[in-house]
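Welcome, and thanks for opening the viewer. Please have the selection tool ready, and we will walk from stop to stop together.

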Amino acid sequence: MGFGVFIHRSDSIYDDSPAEKYQFPSQYLRRVEACVGDWIVYYEPSKVAETKGYFAIAKVRQVIPDPGISEMYLALIEPGTYLDFASPVPFNGATGPVERGVLNDQGRISGRAQSAVRPLSPEDFARIVELGFEEDVPLLPRSDNDVPSLNIGEGAQAPFIYDQQRDRVTVTMSRIMRDRVFRRVVLRAYDERCAITGLKLINGRGRAEVAAAHIRPVEASGPDIVSNGIALSGTAHWMFDRGLISLADNLEILISRQTNDPQGIQSIINKSGHALAPQRVSDRPHPHFLRWHREHCFKQ
C-alpha cells in the first residue's frame, strides 16, 4: 500500500468518475496497484483554466481490467471515501511545490510532475491534506451546536509515522466532518444561494440560510462530491427530499403532479424555471445523480 496522486480533469478523454472509478492505461498499472487499500489525492493540471490544483482525497479499493476497452484498467474507489478539499491546494506554495517529490536533486521540477499517476511520499501527502482541509473562514452550520474543526493533526506535532497518518485520515473522515466539508464546498459553488428560489439569505450571525443537499443521499450510497450536491433553502430542500420537485439533466425544475399546490411551488421557484448552476462546469449537478433522483425519489 502507498499514497499516490491521480491526475484528473473534467474534460478528460478517459471514463473517469472521481468518486467511483478512475480509468487508466496499462503503463500505470503497477503504480495504481501500489495504491490499493490506501489514499490518493486528485490533482487538476495547471493547463486547465482556473485549475483547482490538488482538490480531493479518496481511497482505492481495487483495480480491475476495463471490461469495455483492451489494455485499459479501472481503479475502483472505496464507497464513502471521496471528499473534496475544503480549500483546493495549488501546485506551488510559498516555498515552491507542495509536492516535494516532483523535484530533482537540483531542486528543480522534474518530469515526474507530468505523470498522470505517481507515488506520493507520506510527508507530501500529510502536507497536501493539511492544507486541503484548512478552514481560514469556515462556512458555519445553521445550527448553533458546536461542531469540531476538521484537523488532520490535532495537538502538538508528533514525528510523522506512515501508518499513523493513514489511520488519522480514516478517523478524520467521520460523518460530522464530511458533512462540514461538503457544506463548505457546495455553498461555495453556489455562492450561498438557493439553486431553486435564487434567494441568498444571511442571518444575523452571518450564516447562510441554505443547506448543502445531496442529490443521491448518503444512505443510498451517494458520494460527498460537489456534483452530487445542490444548495437549497429549507422549503426547497424539504420538497426535493420528498420528491415534490426534481431536476432534468438541463437543470429544468420539475414539479410533481402529486403536489397539492403546484401554483404555490411555481411561485417560489426562480423565474428562469431552471436551477441556478455553479460557474464551474465540473461543479454542476451530474446527470448520473439527477437521473437517480428522478427514478427513485421524484413523484412523477
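Leaving aside its neighbours within four places in sequence, which residues is Q23 in contact with? Before you click, keep in mind that this is a predicted model.

**Stop 1: Q23**

Select Q23, which you will find in strand β2 (residues 21-25). Now show what surrounds the residue: beyond its neighbours within four places in sequence, Q23 touches Y14, D15, D16, D66, I69, M72, Y73 and L74. Two of these deserve a closer look. A polar atom of the Q23 side chain lies 2.7 Å from the backbone nitrogen of D15. The side chains of Q23 and D66 are joined by a polar contact of 2.7 Å. Is Q23 buried or exposed? Its relative accessible area is 5%, so Q23 counts as buried.

**Stop 2: strand β3**

Next, select residues 39-44, which make up strand β3. How many of the six residues of this strand are buried? Six of the six are, so β3 is largely enclosed by the rest of the structure. Turn the strand over and you will see that both of its faces are covered. W39, V41 and Y43 sit on one side, with I40, Y42 and E44 on the other, and all are buried.

Now bring in the strands paired with β3. Strand β1 (residues 4-7) runs parallel to β3, and four bridges join the two. To find your bearings there, select V5, which stands opposite V41 in β3. Strand β4 (residues 53-65) runs antiparallel to β3, with six bridges between them. Here, pick Y43 and its bridge partner in β4, Y54.

**Stop 3: the rings around Y43**

Stay with Y43 and switch on the aromatic side chains. The structure holds ten aromatic pairs. One of them is made by Y43 and Y54: their ring centres are 4.6 Å apart and their planes stand at 45°, so this pair is tilted. Y43 belongs to strand β3 and Y54 to strand β4, so the pair ties together parts that are eleven residues apart in sequence. Both residues are buried, Y43 with a relative accessible area of 6% and Y54 with 0%.

Y43 also forms a tilted aromatic pair with F91, 6.1 Å from centre to centre and with 50° between the planes. This pair links distant parts of the chain, 48 residues apart: Y43 is in strand β3, while F91 is in the loop between β6 (83-89) and β7 (92-93). F91 counts as buried too, at 15% relative accessibility.

Before you leave Y43, add R118 to the view. R118 lies over the face of Y43, at 5.8 Å from the ring centre.

**Stop 4: a cluster of rings**

Select F6, Y22, Y42, F55 and Y82 together. Ring pairs link these five residues into a cluster. Then add K52, which lies over the face of F55, 4.3 Å from the ring centre.

**Stop 5: helix α7**

Move along the chain to helix α7 (residues 287-296) and colour its buried residues: F289, L290, W292, H293 and R294. What do the buried residues of α7 pack against? Show α5 (234-241), β12 (245-247) and β13 (253-255), and you have the partners.

**Stop 6: two loop residues with positive phi**

Select L251, in the loop between β12 and β13. L251 has a positive phi, near 70°, in a residue other than glycine. With 9% relative accessibility, L251 counts as buried.

For another case, go to D191, in the loop between α4 (175-189) and β10 (211-214). D191 is not a glycine either, yet its phi is positive, at about 55°. Is D191 buried or partly exposed? Its relative accessibility is 43%, so D191 counts as partly exposed.

**Last stop: cysteines**

A disulfide is a covalent bond between the sulfur atoms of two cysteines. How many disulfides are counted here? The count comes to zero. To finish, select C35, which is buried at 2% relative accessibility, and then C297, which also counts as buried, at 18%.

Methods. Residues numbered from 1 in each chain as written. Predicted model: local features only at pLDDT ≥ 70, side-chain atom pairs only at ≥ 80, totals over all residues. Heavy atoms only, no water. Buried < 20%, exposed > 50% of the residue type's maximum accessible area, 1.4 Å probe, protein only. Pairing = 2+ DSSP bridges. Polar contact = N/O pair within 3.5 Å; in protein donor to acceptor, adjacent residues only side chain to side chain. Contact = heavy atoms within 4.5 Å. Disulfide = S-S within 2.5 Å. Phe/Tyr/Trp six-rings, centres within 6.5 Å; stacked < 30°, edge-to-face > 60°. Lys NZ or Arg CZ within 6 Å of the ring centre and 35° of its normal.
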